[in-house]
Amino acid sequence: MKIGIVGAGNMGNLHASLLKTRSDVEFMGVTDIDFERCKSFCETHGGRAFRSVAEMVQAGTEVVFVTIPNTKHKEAVVSALKEGATVFCEKPFVTSLQDADEIMNVLGDDENRLYVGFNRRFAPVYAETKQIIQNGFKVYSGNIIMNDGDMTSPPWVTNVELTGGFLYDSTIHMFDMVRYLMGEIREVRCVSQQCLYPLHDNFSCMFTSEEGQSIVLSTNGHASWTWPSERIQLWGDHGTIITEELDLVTECGPLKQEQQTKNVRGIDRNLKWGYVQMHKDFLDSVKHKTTFSVSANDAYRSVLITDACYRSASEGGKLIYV
């Protein structure tokens, strides 16, 4: 598989490093708005520096990894798709419904050319949570937090022109996680505040699933770095599942049944965060021409929910159907 990367920053380096672990991959090179950075990237990872996505694909690249800032994704994704490549795009694949519709129109009936990097689906704590549910734990309601300790480092986190807004940065992972664990979201209510940064940095969301489950999610950018900053608690029939960071998952129930905890705190970060497993899932699907486990529709629904949260918050918590 001939693979190229768009974006010579931190995530581009992470993906390039993971590609080196496969013997069935040829790294073609990288393109970035900073051409000198491309050259440095290639000194580390090999390949060549390209001036554009189109040039990269025309040189024989079959799979393009898009790892640039959120609001820049659409142009790169559309260019790669129109040139005939298969695309892996870091989340979110876009930051507006208009851009999402444009990409879906480019994909047409062939949605299996776009895979979006919801790595948390593959993180052991969330994979274990999914397995517990599939084994028969019926979820009735849930509570989720996902907080940023402070938004000054890196400074671009507060730049809406790059991120698309606070919810598009990390919280969108949890919007996808609600769907992954409990099915489609039917109703959205959200209120927000601008507290300490030059954008809305505090959100309280309430979701209702198609099966009637209620999920409360709170997220903000000024929580300090107290542990855990990321937590899911799901309640069932006198039972509970709790995740803490990407380190622990605990199941207890029903009633006084002994609780069981899985601890993955000490494993390699790229395994703990699901990057290694996600890479394997994506590239094995490309290689064997199987259906992607993270679909273009998954990507679209995540943007639809994020947009609904912003619309609801702008109208004082109005109920939005999605």
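Tutor: Before we look at ring clusters, note that rings of Phe, Tyr and Trp (its six-membered ring) pair if their centres lie within 6.5 Å, and that planes under 30 degrees apart count as stacked, over 60 as edge-to-face and the rest as tilted. This is a predicted model, where local features need pLDDT of at least 70 and side-chain atom pairs count only at pLDDT 80 or more, while totals for chains, interfaces and linings use all residues. Residues are numbered from 1 along each chain as its sequence is written, and side-chain values use heavy atoms, with hydrogens and water left out.

Student: OK, how many aromatic pairs are there by that rule?

Tutor: The count comes to 12 aromatic pairs. One of them joins Phe65 and Phe282 in an edge-to-face arrangement, with 5.6 Å from centre to centre and 85 degrees between the planes.

Student: Which parts does that pair tie together?

Tutor: Phe65 lies in strand S4 (residues 63–66) and Phe282 in helix H10, so the pair ties together parts that are 217 residues apart in sequence. Helices (H or I, at least four residues) and strands (E, at least two) are DSSP runs, numbered from the N terminus.

Student: And are Phe65 and Phe282 buried or exposed?

Tutor: Both Phe65 and Phe282 are buried, where buried means under 20% relative accessible area, exposed over 50% and partly exposed in between, using a 1.4 Å probe and protein chains only.

Student: What about Tyr115 and Phe292?

Tutor: Tyr115 and Phe292 also form an edge-to-face pair, at 5.4 Å centre to centre and 80 degrees between the planes. Tyr115 is in strand S6 (residues 114–117) and Phe292 in the loop between H10 and H11, so this pair ties together parts 177 residues apart in sequence. Tyr115 and Phe292 are both buried.

Student: Which residues do ring pairs link into a cluster?

Tutor: The cluster is made up of Phe65, Phe88, Tyr115, Phe282 and Phe292, linked by ring pairs.

Student: Switching to the backbone, where are the cis peptide bonds?

Tutor: One cis bond joins Lys91 and Pro92, with omega about -15 degrees, and Pro92 is in the loop between strand S5 (86–90) and helix H5 (97–107). Another runs from Trp227 to Pro228, with omega near -5 degrees, and Pro228 sits in the loop between strand S10 (214–220) and strand S11 (230–235).

Student: What is phi of Ser224, then?

Tutor: Phi of Ser224 is near 70 degrees, a positive value in a residue other than glycine. Ser224 is found in the loop between S10 and S11, and counts as partly exposed at 39% relative accessibility.
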